[in-house]
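I opened this notebook to record what I looked up, entry by entry. The sequence and the model come before the notes.

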Amino acid sequence: GIRTPDRPLPDLDETQRAVVDAFRDADAGLFTMDSHPGAGKSTATGKAAALCLYERLLAGDPVPERRLLVTSFSKEDAADIVPDVVDWLWELYDRDAIPGDGDVTAAEVRQLERRLRGVATVGTVDGVLRSVLEAFAPEVGFDEMPAVGNEALLARLHEDCYAALAADPGHADRVEALEDAYPESGPHVDGPQALLRTALRTCRQRRLSVGAFHRELRATVADVYEGGDPGTVECLRESVARCRGRETADRVADLDADDREALLAADRRLHDAWRATVDDFCTLLAAYRERYDDLTRERGVIAHVDCAHLVAEYFAGTIGGEARGGQADGREDGDGDGRAARRERVRARFHEEIESVVVDEAQDVSTVQHAALSALVTDEMRVLLVGDLKQCVYVWRDARPALFERAVRDGAYFG
């Protein structure tokens with residue numbers, strides 16, 4: 001029998017219809033839809049994806065679902081992707097509104113629905129990138145595809161990374177100094193162990209090297225002093241004003257000469273100690289990152305951000321060919337040319353399969369996720385971005401709405 005959608009599907013508004021129709025009719029290009037909450041963004045993406053599937057089915061493609069990449073940032077939003085697309089498959093079938101020439105049977109729609117539920121390129125951004133990493137995990141040092149996002153294993157791994165640093169004679173003094181500066185029972189939210197873990201995640205989310213992260217921390221120190229001399233009364237007053245308010249800063253002028261000089265000396269010591277702590281922290285971060293990467297290979301577990309990082313860096317050509325146990329991925333053609341050729345074969349596989357890309361809640365995609373997805377997209381594909389620049393709820397998880405904003409404003413996103 002014929003299956004009808006589980007819920008009534010709202011009609012698209014005029015703008016949504018225009019964007020979806022333009023996306024459907026195009027061979028390639030970027031299309032954007034900046035909508036407000038409750039405007040039916042998911043309905044639009046579901047219809048766009050269903051139209052792509054029917055287009056390929058009527059063209060005789062035996063696996064139309066493989067020509068489609070549909071993704072969203074959060075699990076909650078991604079969980080609705082397949083139901084939305086399936087509802088539109090049946091809605092278009094029931095309305096006899098499938099575009100193009102040829103007939104589609106109910107049995108074909110049911111078969112397409114079953115296959116769609118198992119395709120790896122439909123789901124969360126993390127899930128899509130996990131399926132991409134599977135294609136080359138041995139090339140980046142893993143014996144097999146690692147577990148992704150196992151928080152219990154990752155917590156133990158981070159604990160062991162920190163313990164290794166603390167036990168290393170070359171780093172023990174720095175670790176001890178940081179523990180004195182940021183005691184676990186002190187007023188700070190995080191101690192050194194949590195700070196290192198957060199810093200590593202931040203570097204990967206924002207695609208920063210340790211050197212670039214170091215420069216940003218140094219710039220933070222300079223910003224507090226506005227680049228001024230920490231030994232002057234005026235610089236001290238301005239720094240206190242920015243950190244504690246103008247009323248507190250004005251009290252500096254009321255100090256006598258001896259107290260003012262003592263305060264200036266203390267401020268100079270604070271400035272110098274702050275810079276030294278930043279230097280020590282970044283030295284530890286570099287060693288922590290190296291140990292972390294080694295342990296992820298040994299134990300076969302990574303975080304979701306690591307997965308995106310590995311995909312982005314592999315296709316950028318900065319990693320690959322360092323399989324465990326020896327030379328270049330353990331194959332005879334482990335030279336640079338061989339690794340580059342294998343990388344391009346992996347890239348070509350995705351480029352040849354995918355024809356249409358739909359990104360829902362595009363404002364929530366992070367820098368590293370964007371870079372990783374970019375490796376899968378070419379100018380010959382059609383791309384639909386749907387989001388809401390006024391509703392970015394994942395900035396705390398390094399979402400970069402500016403990427404979607406640029407797409408809406410300038411027509412540039414991937415690539």
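How far apart are the mean positions of the positive and negative charges of the chain? I looked this up before anything else. The chain has 52 positive and 80 negative charges, and their mean positions are 1 Å apart. I note here that the model is a predicted one.

**Entry: the whole chain**

I went on to the overall figures. The chain has 415 residues, and 46% of them are buried. I found 17 helices and 7 strands listed for the chain. Along the principal axes, the C-alpha atoms fill a box of roughly 90 × 60 × 35 Å. The accessible surface is about 20300 Å², and carbon and sulfur atoms hold 47% of it. I also checked the contacts with a separation of 6 or more: 76% of them join residues 24 or more positions apart.

**Entry: helix α7**

I took α7, residues 151-167, and checked its length. Its 17 residues should span 24 Å at 1.5 Å a residue, and the end C-alpha atoms are 24 Å apart, which agrees.

Which residues of α7 are buried? I wrote down Leu154, Leu157, His158, Cys161, Tyr162 and Leu165. They lie on the same side of α7, because the arc they cover around the axis is only 135°. In an α-helix there are 3.6 residues a turn, so residues three or four places apart point the same way. Ala152, Arg156 and Ala167 are exposed, on the face of α7 turned away from the buried side.

I then looked for what covers the buried residues of α7. Among the elements there are the helices α8 (172-181), α9 (192-206) and α13 (257-299), along with β5 (301-302).

**Entry: Asp180 in α8**

From the cover of α7 I moved to α8, where Asp180 has its place. Is Asp180 buried or exposed? Its relative accessibility is 60%, so Asp180 counts as exposed. I also compared Asp180 with Gly191: they are 11 residues apart in sequence, and their C-alpha atoms are 9.6 Å apart in space.

**Entry: helix α14**

I repeated the length check on α14. At 1.5 Å a residue its 13 residues should span 18 Å; the end C-alpha atoms are 19 Å apart, which agrees.

How many residues of α14 are buried? I read 11 of the 13, and α14 is mostly covered. Among the buried ones are Val305, Cys307, His309, Glu313 and Phe315. After α14 comes Gly317, with a positive phi near 85°.

I picked Val311, which lies in α14, for a closer look. Val311 counts as buried because its relative accessibility is 0%. With neighbours within four places in sequence left aside, its contacts are Leu129, Val132, Leu133, Phe136 and Ala372. The C-alpha atoms of Val311 and Leu373 are 8.4 Å apart, while the two residues are 62 residues apart along the chain.

**Entry: helix α16**

Leu373 and Ala372 are both among the buried residues of α16, so-called here as residues 367-374. Why is α16 described as largely enclosed by the rest of the structure? The reason is that 8 of its 8 residues are buried. The cover of these buried residues includes α6 (125-133), α9, α14 (304-316) and α17 (401-410). I had already met α9 in the cover of α7.

**Entry: strand β6 and the loop after it**

Next I looked up Ser356, which lies in β6, residues 356-360. Ser356 has a relative accessibility of 3% and therefore counts as buried. Leaving out neighbours within four places in sequence, I noted contacts of Ser356 with Phe23, Cys52, Arg67, Leu68, Leu69 and Arg382. Arg110 is 246 residues from Ser356 along the chain, and their C-alpha atoms are separated by 21 Å.

Glu361 sits in the loop between β6 and α16. Its phi is positive, about 50°, although Glu361 is not a glycine. Glu361 is buried, at a relative accessible area of 9%.

**Entry: Asp96**

I ended with another positive phi. Asp96 is a residue other than glycine, and its phi is near 55°. Where does Asp96 lie? I found Asp96 in the loop between α4 (81-94) and α5 (106-116). Asp96 counts as exposed, with 70% relative accessibility.

How values were computed. Residues numbered from 1 in each chain as written. Predicted model: local features only at pLDDT ≥ 70, side-chain atom pairs only at ≥ 80, totals over all residues. Heavy atoms only, no water. Helix = DSSP H or I, 4+ residues; strand = E, 2+ residues; numbered from the N terminus. Expected span 1.5 Å × (residues − 1). Buried < 20%, exposed > 50% of the residue type's maximum accessible area, 1.4 Å probe, protein only. Arc of directions from axis to C-beta. Contact = heavy atoms within 4.5 Å. Areas by Shrake-Rupley, 256 points an atom, 1.4 Å probe, with all protein chains shown as cover. Lys, Arg positive; Asp, Glu negative; His and termini not counted. Charge placed at Lys NZ, Arg CZ, Asp CG, Glu CD.
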